[in-house]
Each structure stands twice: as C-alpha cells, then as structure tokens.
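Me: Please take a close look at the surroundings of the ligand, and describe them in one connected account.

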Amino acid sequence: AWKKNQTSGFRGKTEFEKEVVRHVETTLARSVFNCDENAAYAATSLAFRDRLILDWNRTQQRQTYRDSKRVYYLSLEFLMGRALDNAMLNVGQKDDAKAGLAELGFRIEDIIGQEHDAALGNGGLGRLAACFLDSLASLDFPAWGYGLRYRYGIFKQEIIDGYQVEVPDYWLDFNPWEFPRHDVTVDIQFFGNVSKSVDSNGKAIAKWEGGEIVQAVAFDVPIPGYATPTTNNLRLWSSKASGGEFDFQKFNNGEYESSVADQQRAETISAVLYPNDNLERGKELRLKQQYFWVAASLYDIVRRFKKSHRPWIEFSDQVAIQLNDTHPTLAIVELQRILLDIEGLEWSLAWDIVTSTFGYTNHTVLPEALEKWPVGLMQHLLPRHLQIIYDINLFFLQTVEKAFPNDRDILRRVSIIEESQPKMVRMAFLAIVGSHKVNGVAELHSDLIKTTIFKDFVEIYGPDKFTNVTNGITPRRWLHQANPRLSELIASKVGGHDFLKDLTLLNRLERYAEDKDFRKEWYEIKYANKVRLAKHIKATTGVTVNPAALFDVQVKRIHEYKRQQLNIFGVIHRYLTLKGMTPEERKKMLPRVSIFGGKAAPGYWMAKQIIHLINSVGSIVNNDPEIGDLLKVIFIADYNVSKAEIITPASDLSEHISTAGTEASGTSNMKFVLNGGLIIGTCDGANIEITREIGESNIFLFGNLAEDVEDLRHTHNYGDHAIDSDLEKVFLEIEKGTFGTPNDFSAMIAAVRQHGDYYLVSDDFHSYIETHHLVDEAYRNQEEWIKKSIISVARMGFFSSDRCINEYAEQIWNVEPLVVHD
Ligand code: 26M
C-alpha cells in the first residue's frame, strides 16, 4: 500500500502504538489500563492528527510562498462524515494502525465506529462539497473551503411507532479534527443605517454605521489528499458576542441577564443547520447566517490578497470563488461593497473584478427551492447591501434595455427585484449577473436551466456563460473506504491502486467479466457486504433478512419529487401479487428486501406521511407468515454518511426514480453503480449519462421523459385523468385498512387521484412495475447479472469527482495544481 513521504508522526506499527499510549496517558490523562474504545478512538485520532499537521502547515506555506491562485469553495454545507478512516487511508497508514490497535486489544472497525459523523449538511449538495474537498486536495489544487461551524448538524432521526422523530445532533463534545483559531476573528456588522456624503473630490461616499456587531471565530479542519502531502484547509466560522464572553460594561453594572442574552443571540447565528433540502422558507436567521459566513470569508480572502501588495486588477488572477448554490450570493454584493466603500475603487472597475472572480453552481430547477428574500428584510438587516443590489440591477437592466429596445416584458422577467407584494430579491438572478460562469450539475439539468428558468439570461449573455459540469464522487471514500475488499480485488487486476487517482483505469476490469473465477470472487464480496448490512438491520430493527434475497435500496432525502411513494406503492403491489398466488406459485418467486432510508424535513408533512406508510407496510408484510422471505420491507433510521458506507456496497439494485426533469443530477446513483449494484431509474439527472457510459443493457430505465412532463401535467388538470388500474388496487387496499388507519394515508392518495398527480406517479406506475419484472428475470440469471455488475463498474471512470474538479479548474477557475515537494 502507498505511504506518504513522511515529515511527521509515526513511522510504523510500533511507533504508532507508542503515540497512542502517549496520548492516552498525557493528552487524555488516563491510564492505559483504563482505556476503553472511546479513549482508543481519541488517542488514535490525535496520533493521526499529529501526522497531518506538518503536511498541512507546509502546504499552506508553499501555497503562500508561491503566491498561486487559490480556489475558495463557499458552501453552507459540508457533509463530511467520519474523518479518521479517511485520514488513515489518505496518508497510507491504515495497516499500521490496524496492527497496532490489535496489539493493544482493539478491532480497528470498532475504533472507527466510535467517531461521530460531521453531519453539517442535508444531502446531495453538502456531500458534493465534501467530495470536492477530497478531490481538490488529492489533485494538489490550492483550495480552501469556507462554511459555518454549526453546533448542531442535521438532526438525528428516530423512528417511533412508524413516525419520524427528530433529536438534536450535538456533535462537538470531542472533536479532534478542528483547530480553534482564536486569533483569527472578524467583526460582522448587522442592521444600522447608511449615510451618504461627498468627499473633497466630489466623489459620493456611503457609510454604513450603527447596528450590532457579532464576532466570527475561525475553526480550521485539515483536508488530507490521497497519496500526496497536499493538505488543504476547511475554515468554519463560529459566532460569538463581540468583545468576548459578555458585555463587561453591562456585567459591571449588574445587568447580568441582558448581557447573557446578547451573548446568546450572537451564538445563535451558528447554532443550527437548517434541515430543509430543496425548500426555501425565508427565515431571518437563515439570512443572518448567510451574511455572517460570507462577510467573514470575504474579509479573510481579501486580507490574504492584500498581503501580496498586488494591484486590485489582479484580484481574479489570485482568487476564484465558487458559490455552491445561491446560499452565498451575498458574497457578490459584499465584495462590491468592500471594493467600493472601503477600498475606494470606481464602480465599473470593482464590478469587473467581482464578476471575473465568481462562479455560480445551480443545483435545482424546483421553483419552491429558488431563493428569494423580501426587500424589507434585506433593508432592515443589510441596508448598504440593498442599495448596492439596486445599483447592480439598474446597470444590468440598462444593458438589457439597450440590447432589447422593443421588449418591455423582458425587463420585468429578468429584474433582480421581483415587483411582487412584498418585493423580493431573486438570488439566482443576482448570482448569474455577478458571475462569469454559471453551471448545472448534469447534462440534462444544464440544458434545462438554459431553456427554462434562465432562458432570458442565455438571450442576454449568450450561451457561453452557461456550462455543464456533471457531478462526481470521490472513489477514495465511496469505493476504497466503504468497500475495501472490492477495492483490493480491483487493484489486483488493474495494476495496483492507481485507479483510485485515475478512475478511468477501471476499464481494465472489463475483460474479467468473462472470467468465471473472477465473477465468483466478485459475487462473494457483494454477498459479504449484504451479510454485514443484514446484521445492521437485525441489530437496529429486529427484522431478519435473507442475504441471498435481492436487496433493493432507496436511500436519499424523502421528497415527493424523488418519489419514495412510487416505490412503496410498487412494494404493496408486489405484496398483493404474492398474496394472490398459490403456495406453489409463490415458491417460484424471487425473494426481495426493499430497503428505505432518509430524513424528511421536519416541516414537510407529506414526506413524513411517506415514512409512516413505509413503516406501516413493513410491520404488516414482515410479519405475514405466508410471505416469509419473499418480501421484507425495511426502513433504516437515521440515514447518514457512515450508514451510506455500509448500505451502498450491499445493494443489488438501487432506485433513482425521480419525476423526469426534477433531480438535477443525483450522486448516490454513481456510488451504487461504482459498488457493483445495478440501478432502476428514470431518464433524469446523471442517470442519463450513466446509461451512456455503461450501456443501456446494464441499467433498468423506465417512465416518461422530461420533455413530456409538462403536457402530462396539463392533461391531468384540464383533461381526463384515469388512474392506472394496478395503482388503483393498491389504493383500495390501503383504504381497506390493511396497513393501519386509512385516514393516515388519504392525503398521499388524494395527491394522485384528486390533486393532479403533479409527480406523475400514476403515469409511470405501469412501466415501473413492468421494469421490476425485468429486474426479477435478470436477477435469476446470476452469471449474467454479475457480468453486468462488473462491466458497469469498469465503465464508471467518468464519475470521479477528480474529473469533475479538473473540469471546474479548466473551464471556470483557471487554476493549476501546486505540488508540495519534500
Ligand atoms: C435552502 C433554504 C433554507 C434552508 C435550506 C436550503 C437548502 C439546503 C440544501 C436548499 C437546498 C439544499 O440542497 C439541495 C440539494 O441537495 N440539491 C442536490 O444537489 C446535488 C448535488 O449537485 C444533486 O445531485 C441533486 O440532484 C440535488 O437535488
């Protein structure tokens, strides 16, 4: 196995053990005779942390010394998961740790399992940011992530009586992976007023005064690259009352309560991650979070730039800032404000600098997810920023007017200010106007944004401003770490572990599809992964599942557009079919385990109903003696990154079944295929490109196409809307009370029958069921199934986040790698 050229830490098993003992005894002040798994986790992490620190410092020094262009990835979410396993693998010393821990009496899996997930994200968008950090470091790009250090990450999900219950996720009790930088603080201003005056040269000056100040404190997390000394930085901001713990003046005057209240109000800003995924609800605290984080990050970036004493015109030669969705869009306004009000630049020079610095990634076309903020709220919280937004809009609309002199309506349509009641700031439009590139995250999605929500902007700017960068995933975590046996088997056939840095090398695997012994090994690994998942299911739900059954998995956030309801209706249909058979007929059927997992946003009532239906169906089906192993329905509680690492390698089939045109990309589809699972899916997001790469015969596609969705919705609303007859039977069964109080599920049924079936569940039902029959038939022929699995993996090279990051670097950032030599 690969080992980093060492500059720090331990050199082998024995030195590792010494370091663990030293940390237990001195850092943790415990006796080695009283060292439990938790203490062993802490000491192991500290030993590896020491191992990373010098590389980390040297990387930063080298990047500063060389004055190279850096990428700044601004994301309100970084869904990192666990760090220890990743650190061990990236520095190439997991074997040393495994042997050392064994001598100390521990199993490395148990120690890894002690770590709390860093769950600072909701789903796809946050996990994408985490994969990008891994690729940026592994490819030696000078890059920093900027985010918020939430005290509470995404809530923990418990299932009680079949319902989701949310429990707070307090994760900071012991976190060896963060370094507080109490010397790196930024004062952030809110509220107040703007006064305008004219200086001695007749130039207008705006001063933002008054209001309140909250302090941002930096916490740094090292991001080690795989097989390279490059160790980048993730800087997370934590909020604190300015002037430290509490206001001494007030405290001295005996105003204890009010001084503590101020402190708490300040700390609230970084207290909790908003648990919505693809839904925007316009809360003041959310806007405060956004500005707090953006202002602190830009202050930091500008401070670093100014150290180089370069002219401002060179800013975008040194700095590329990527906006992960519209959440950091205020950064555009903040940089313009800094250049204008603080640095005294002219508007047009400042604006050229701003637009050449920023790139904006769009992750959704769902209208309910597009960010808009009331003008009144913006005026109150950020009065100077609102003025600048109005000016940006004015200059923008003037250029539009010039280009389209006879088109009144286009000005209304593209205005950054929506002339509604109340008026709203359209953040996506602001992000487009303030960036030099806008990208979607899969081909279909990038085409859709150009022809729908951003159509007018393509007319205005021309098509070159808009581009596609299809998402990817890091093969380090999602293959090597999650599925070590498969990774080793692949390495033994494709010439070692180089494929983990150049995933296209997987193509060398393809010829082994014809090798019977290889197929047997391949199958045994999949089976072992299923056994491991079956154990987890048994331990957490009490249900016994047969590892020889087809494991059919859908794990992702619960959302109507992702259509878990289609899946569970399909499961009910299967159950009814089995119930209608004679015992002899049943014996010929293929056993299945339908596995679900995912969180519903706490305020998303319908999503919670879907979870309830899945659990209710499970409690009937799993206890039906006529059914036995033929069908089990499992809901895995608290789906997160570390659970995904167990679930992904254990699927035979996974479901990516969104209404066509709604899922921007999806990334779990890539993870499942990379782990040898086949997929059933709609022609949506990255499924389309996966099909192109692996071949149509290796994927189960079904359902209506994106181009037909609009017309179908129209006929639902204005024409005849007959529900599919098999789906109607499913509804009648639910209404009979077979799965508990029918009333609980009436809204889900009404959404299809009465409310226009917006997500086309009925339209796609027949094709979905038919395609599942094809899956059953294919699975019966195990040799052919395994061939499909091997061939698919061999053709997945394109979906590495390394490819994706190289595309961003070339098309959007114009940055180059910087190798840190020893
Ligand atoms: C917005 C406002 C207030 C609170 C939260 C939000 C918010 C948070 C997360 C909105 C959207 C959020 O994430 C959306 C997301 O995860 N999108 C997914 O991005 C993936 C990476 O590009 C894609 O693969 C998925 O298709 C897309 O749904």
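Reply: Helices here are DSSP runs of H or I with at least four residues, numbered from the N terminus. The model is a predicted one, in which local features need pLDDT of at least 70 and side-chain atom pairs count only at pLDDT 80 or more, while totals for chains, interfaces and linings use all residues. Residues are numbered from 1 along each chain as its sequence is written, and side-chain values use heavy atoms, with hydrogens and water left out.

The shell around the ligand consists of 21 residues, a residue being counted if one of its heavy atoms lies within 4 Å of the ligand; the closest are Glu280, His363, Asn471, Glu663 and Gly666. Helix 6, residues 124-138, gives the largest share of this shell, with 3 residues. By residue class the shell divides into 7 nonpolar, 9 polar and 5 charged residues, where Ala, Val, Leu, Ile, Met, Phe, Trp, Tyr, Cys and Pro count as nonpolar, Asp, Glu, Lys and Arg as charged, and the others, Gly among them, as polar.

Turning to polar contacts (pairs of N or O atoms within 3.5 Å), the side chain of Glu663 places an N or O atom 2.7 Å from an oxygen atom of the ligand, and the side chain of Tyr561 has an N or O atom 3.1 Å from a ligand oxygen atom. Gly666 takes part through its backbone, with an N or O atom 2.8 Å from an oxygen atom of the ligand. Of the 610 Å² of accessible area that the ligand has on its own, the protein covers 97%, as computed by the Shrake-Rupley method with a 1.4 Å probe.

How values were computed: A polar contact is a pair of N or O atoms within 3.5 Å; within protein, one must be able to donate a hydrogen and the other to accept it, and residues adjacent in sequence count only if both atoms are side-chain atoms. Helices (H or I, at least four residues) and strands (E, at least two) are DSSP runs, numbered from the N terminus.
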